Amino acid sequence: MTTSVSGVELHPSFTDPYLTDLLPPDRLLWSPRELRDLTSTVASELTTSLLGILSYTAPQRWWARLALTEGVELWLLSWMPGQKTEPHDHGGA
């Protein structure tokens, strides 16, 4: 289940309001640089909130969608030592 705040679908355990400030719900196009900056900001500025969601599982990697707008999906992924994922395509994402 997700929650919606100002047109942004959020992971139900993510409580930091700063994330919605970073994700304009009506923005459809993001450049690679903007996506990198978004990812870096989330990882560095929202660490405490991310740690409250993060999980490590065996035997496969773990993932959770943090946010969804019309233009971007933001995911949190984790791997344990020895885990891997095969090369794959995200269909233009």
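## Surface patch

A patch, as the word is used here, joins residues with over 30% relative accessible area and no salt bridge, nonpolar side chains being linked within 5 Å. In this predicted model, W63, W75, L77 and W79 make up a nonpolar patch of this kind on the surface, and together they offer about 420 Å² of accessible area.

One of these residues, W75, lies in strand β4, which spans residues 73–78. W75 is classed as partly exposed because its relative accessibility is 41%, and the partly exposed class runs between the 20% limit for buried residues and the 50% limit for exposed ones.

## Strand pairing

Strand β3 (residues 62–68) runs antiparallel to strand β2 (residues 8–10), and the two are joined by two bridges; within this pairing, L10 faces A67 of β3.

Strands β3 and β4 are also paired in the antiparallel sense, here over six bridges, with A64 standing opposite L76 of β4. The connection from β3 to β4 is a hairpin of four residues. In a regular strand, side chains alternate between the two faces of the sheet.

## The segment after β4

M80 is placed in the segment that follows β4, and its relative accessible area of 31% is why M80 counts as partly exposed. The C-alpha atoms of M80 and W62 are 8.9 Å apart in space, although the two residues are separated by 18 residues in sequence.

When neighbours within four places in sequence are set aside, the residues in contact with M80 are Y56, T57 and A58.

How values were computed:
Residues numbered from 1 in each chain as written. Predicted model: local features only at pLDDT ≥ 70, side-chain atom pairs only at ≥ 80, totals over all residues. Heavy atoms only, no water. Patch = residues over 30% accessible without salt bridge, like charges linked within 9 Å, V, L, I, M, F, W, Y side chains within 5 Å. Areas by Shrake-Rupley, 256 points an atom, 1.4 Å probe, with all protein chains shown as cover. Salt bridge = Lys/Arg side-chain N within 4 Å of Asp/Glu carboxyl O. Buried < 20%, exposed > 50% of the residue type's maximum accessible area, 1.4 Å probe, protein only. Pairing = 2+ DSSP bridges. Contact = heavy atoms within 4.5 Å.
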